[in-house]
Amino acid sequence: MGVDVDQLNGMLSTIVSVTRQAPESAGTALKTIFARMGDLKIDGEDEFGVSLGEVSGQLAEVGVNIMNAKGELRDMGEVIEEVGNKWNSGVWSDAEKQAIAIELAGKRQYNNLLALFDNWDMYNKAVETSMESQGTLQKQQDIYMESTVAHLQKMRTSLEGVKDSLLGPNDINPILD
């Protein structure tokens, strides 16, 4: 859908922090939002009777295009960031914001999208933190691998491998018995 990991981390952490709901619920909300945005090429209506052209039409009315100049679907992360950056800029009235949120998220996921856009600074900080943390897990792993505990575990694993290669179950079981 064109949402990178850092964007997704930022969206999930913002929605979960603000709404205090389970991460799975926030993930489901985002899945629904992206699906509503991504199904634009298919004719018809969603389960609530919303014509898929209505989503892109509503956004186009306020200056956000879901399709690029070639008529292809833009990355969802890019579209969400464009809407989020305009959300608190004073460009849109409260009525326009409400209409956008309902079109993007539907009535069931509307509050999750509001939690994201109304706390856009929190989202930006979360994305920045996620981007800056690249390699942190690997650094922690490297530190562990230099520890005595890691060296002892490597030795145990190697000894088990030697034992398994020299003595099979048929060889060791009679001795153990």
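This note goes through a predicted model of one protein chain, from the overall fold to a few residues.

1. Overall make-up. The secondary structure comes to 9 helices and 0 strands. Read along the sequence, the pattern is therefore α-α-α-α-α-α-α-α-α, a run of helices with no strand among them, since helices and strands here are DSSP runs.

2. Burial and surface. The chain has 177 residues, and 30% of them count as buried. The exposed area is about 11100 Å², and carbon and sulfur atoms supply 52% of that area.

3. Contacts along the chain. Take the contacts between residues at least 6 apart in sequence: 60% of these join residues at least 24 apart.

4. Helix α5. This helix runs over 94–117 and has 24 residues. A straight helix at 1.5 Å a residue would reach 34 Å, yet the end C-alpha atoms of α5 are only 12 Å apart. When looking at the model, go to Gln109, where α5 bends by about 125 degrees.

5. The loop before α5. Helix α4 covers 76–87, and Ser89 is found in the loop between α4 and α5. Is Ser89 buried or exposed? Neither word fits: Ser89 is partly exposed, because its relative accessible area of 43% falls between the 20% limit for buried and the 50% limit for exposed.

6. Polar contacts of Ser89. The side chain of Ser89 reaches two backbone atoms. One is the backbone oxygen of Lys86, at 2.7 Å. The other is the backbone nitrogen of Val91, at 3.4 Å.

7. Aromatic pairs. How many aromatic pairs does a search of the whole structure find? The search finds 4. One of them is formed by Trp87 and Phe117, with 4.9 Å centre to centre and 35 degrees between the planes, and this pair is tilted. Trp87 lies in helix α4 and Phe117 in helix α5, so the pair ties together parts that are 30 residues apart in sequence. Both Trp87 and Phe117 are buried.

8. A further pair at Phe117. Phe117 also forms an aromatic pair with Trp120. The centres of Phe117 and Trp120 are 5.7 Å apart, with 50 degrees between the planes, which again makes a tilted pair. Like Phe117, Trp120 is buried.

9. The cluster. Which residues form the one aromatic cluster? They are Trp87, Trp92, Phe117, Trp120 and Tyr123. Two members of this cluster, Trp87 and Phe117, come from helices α4 and α5.

Note on methods:
Residues numbered from 1 in each chain as written. Predicted model: local features only at pLDDT ≥ 70, side-chain atom pairs only at ≥ 80, totals over all residues. Heavy atoms only, no water. Helix = DSSP H or I, 4+ residues; strand = E, 2+ residues; numbered from the N terminus. Buried < 20%, exposed > 50% of the residue type's maximum accessible area, 1.4 Å probe, protein only. Contact = heavy atoms within 4.5 Å. Areas by Shrake-Rupley, 256 points an atom, 1.4 Å probe, with all protein chains shown as cover. Polar contact = N/O pair within 3.5 Å; in protein donor to acceptor, adjacent residues only side chain to side chain. Expected span 1.5 Å × (residues − 1). Bend = angle between axes of the 7 residues up to and from the residue. Phe/Tyr/Trp six-rings, centres within 6.5 Å; stacked < 30°, edge-to-face > 60°.
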